[in-house]
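Welcome! Let's get to know this structure together through a few questions and answers.

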There are 2 protein chains.
Amino acid sequence: MITREQIAEDYKTIQDEICAGLEALDGSAKFEEELWERDGGGGGRTRVLQNGNVLEKGGVNFSAVHGQLPAAVKKAFGTDSDDFFATGVSIVMHPNHPMVPIIHMNIRYFEMPDANAAEPIRWFGGGIDLTPHYVFEEDARFFHNNLKSVCDRFDGSFYPRFKTWADDYFFIKHREETRGIGGIFYDRLKATEDLSWDTIFEFSKALGRTFLPTYSELVNRNRSKSFTEQEQQWQYLRRSRYAEFNLVYDAGTKFGLETNGRIESILMSLPPTAKWLYNFQPEAGSREEQTLNLLKKGIDWV
Amino acid sequence: MITREQIAEDYKTIQDEICAGLEALDGSAKFEEELWERDGGGGGRTRVLQNGNVLEKGGVNFSAVHGQLPAAVKKAFGTDSDDFFATGVSIVMHPNHPMVPIIHMNIRYFEMPDANAAEPIRWFGGGIDLTPHYVFEEDARFFHNNLKSVCDRFDGSFYPRFKTWADDYFFIKHREETRGIGGIFYDRLKATEDLSWDTIFEFSKALGRTFLPTYSELVNRNRSKSFTEQEQQWQYLRRSRYAEFNLVYDAGTKFGLETNGRIESILMSLPPTAKWLYNFQPEAGSREEQTLNLLKKGIDWV
């Protein structure tokens with residue numbers, strides 16, 4: 001089995017590739033990098049861009065941290081272990097254009113010693129999901145078909161399992177709406193008789209590498225569309241729902257806040273401008289209402 | 001002991017007084033009212049105003065709900081009881097002016113049957129706290145002195161105890177900063193040999209009735225000040241911290257989301273426009289830095 005150092009190295013390379021590609025896509029924005037160290041052990045490379053031609057705010061963060069788990073997290077993981085190692089790449093991009101979707105991607109690896117065995121307890125997790133301010137069905141189909149292709153190269157069961165998982169995970173329970181059109185999500189994925197660690201690791205890298213061509217296509221399809229001031233207001237309202245999801249439900253955000261992570265790196269996912277309007281109801285038959293009607297679990301996009 | 005129906009009636013009257021007073025203060029905004037019923041029992045009167053002369057968005061909500069506690073809340077309360085009753089008035093006001101502070105006030109009463117006694121388990125809770133975008137020390141002293149005067153009319157121990165409680169409660173742990181300059185906060189306040197239920201109830205009404213003159217004075221002191229575009233941006237950034245507190249820590253918000261409360265009523269506390277800028281650092285010696293330096297626990301304002 002590949003070592004944690006190699007996993008972290010490959011994830012770093014993926015971060016580099018994605019940052020270079022997003023700068024080229026935007027045409028103007030440059031990532032600012034901050035290297036940080038964690039008090040308990042490890043650190044990261046936070047890369048954030050702001051005020052690009054189309055990418056208004058976003059981050060592509062790499063971290064590899066280790067140390068002791070806080071009591072609350074140990075309890076959640078059902079372990080007494082005192083050490084952990086976690087590495088991953090996390091991305092959120094908020095475009096300045098209401099017709100261009102928000103995107104999120106994460107690939108991660110976690111391990112901790114197993115008191116009862118020589119091998120550590122380990123797993124991979126990850127996901128990618130799309131949050132269009134306005135849902136365009138042809139874009140949603142393109143996005144899901146791309147994800148299915150990546151999944152199918154590794155395991156025919158991945159896409160249907162992980163698509164359903166994303167529907168359940170990226171769900172704003174108190175609004176009874178999904179965050180966007182979903183994508184795939186998986187956690188605690190471990191080797192089995194039919195699935196090797198290498199396959200899981202290669203899958204996680206392939207997922208990381210599908211991010212750039214997929215998002216570039218979606219940005220380029222929509223960045224030149226015209227939009228109204230009302231449509232921009234709707235974008236800001238959709239961003240407030242994104243903030244609600246991340247602050248109330250997102251497991252990565254909670255883990256970061258509870259493990260004393262670097263706050264500005266964790267909360268780079270929050271939108272540049274968000275608006276909460278009281279009890280906003282879209283007009284019957286409007287594009288806004290059509291979008292709300294597609295923020296449901298269980299839609300088959302492929 | 002006064003009945004829960006009487007408590008709810010008096011709280012409704014306080015809601016009416018405050019709404020009339022805030023409309024007069026603003027000079028233009030009118031509250032929209034929505035009456036709602038809760039599936040499990042009870043309901044409320046949500047009153048929200050938007051786009052006033054100085055009050056950009058805010059709510060003055062009354063509710064009186066009863067029914068069954070969800071399992072998670074029962075566990076938190078350490079009870080097996082299947083019934084609860086809760087009534088209260090909750091206010092949040094977001095002004096459109098960076099020199100005018102955000103304010104929050106809540107008074108509430110809770111009861112549930114006690115399996116081992118004829119009398120129910122009951123308590124009062126409440127609080128009022130101020131979140132200036134820019135802290136003006138004379139305003140902070142005025143605010144805290146007003147609260148101390150109300151407290152001292154009922155019990156000399158209230159202000160020091162409840163002021164410290166507010167510092168601890170209105171604290172954004174992951175930012176290591178208080179939400180604003182605090183105020184008072186108390187919960188599960190019950191009668192003792194030295195403190196009657198009537199005194200606690202009268203205190204809660206007096207607190208409700210200090211809201212209007214206190215906030216009116218603070219609005220009128222500051223509403224005519226000029227401000228720059230940069231100062232407005234800072235206001236939006238402070239509002240994003242307010243949203244973080246409410247979504248991550250606020251017990252009332254969590255209770256509402258978990259008990260299937262009316263979402264738009266609960267989340268009326270969220271700001272009309274908020275901005276998250278990456279890693280914003282105020283200039284040394286600026287008014288923004290001075291404000292951050294005052295967002296600490298334990299400052300004695302009286």
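**How the two chains meet**

Q: How do α6(A) and α6(B) lie to each other: roughly parallel, roughly perpendicular, roughly antiparallel or oblique?
A: This is a predicted model, so the angle comes from its computed coordinates. The axes of α6(A) (residues 229–248) and α6(B) (residues 229–248) come within 9 Å and cross at roughly 50°. Angles under 35 degrees count as roughly parallel and those from 65 to 115 as roughly perpendicular. The two helices, α6(A) and α6(B), are therefore oblique to each other.

Q: Is the crossing of α6(A) and α6(B) left-handed or right-handed?
A: Handedness depends on which way the near helix is turned from the far one, clockwise or anticlockwise. For α6(A) and α6(B), the crossing is right-handed.

Q: In the contact of α6(A) with α6(B), how many residues are nonpolar?
A: On one side stand A243(A), E244(A), L247(A) and V248(A), and they meet A243(B), E244(B), L247(B) and V248(B). Glu counts as charged, while Ala, Leu and Val count as nonpolar. The contact of α6(A) with α6(B) thus has two charged residues, no polar ones, and a nonpolar count of six.

Q: Which element gives the largest share of the side of chain A that touches chain B?
A: The contact between the chains takes 23 residues from chain A and 23 residues from chain B. On the side of chain A, the elements giving two or more residues are β2, α6, α8 (263–266) and β10 (273–275). With four residues, the largest share comes from α6(A).

Q: What is the bridge partner of T273(A) in β10(B)?
A: Strands also link the two chains: β10(A) and β10(B) (residues 273–275) pair in the antiparallel sense over three bridges. Within this pairing, T273(A) has as its bridge partner K275(B).

**Inside chain A**

Q: Which are the edge strands of the open sheet of seven strands in chain A?
A: The strands pair in the antiparallel sense, in the order β1-β2-β3-β4-β5-β6-β9. An edge strand pairs on one side only, and in chain A this holds for β1 (32–37) and β9 (183–189).

Q: Which residue of β2(A) stands opposite E34(A)?
A: The strands β1(A) and β2(A) (residues 42–50) pair in the antiparallel sense over six bridges. Opposite E34(A), in β2(A), stands T46(A).

Terms used:
Residues numbered from 1 in each chain as written. Chains lettered and ligands numbered in written order. Predicted model: local features only at pLDDT ≥ 70, side-chain atom pairs only at ≥ 80, totals over all residues. Axes fitted to C-alpha atoms, helices over the stretch in contact; angles between N-to-C directions. Parallel < 35°, antiparallel > 145°, perpendicular 65-115°, else oblique. Contact = placed C-beta atoms within 7 Å. Pairing = 2+ DSSP bridges.
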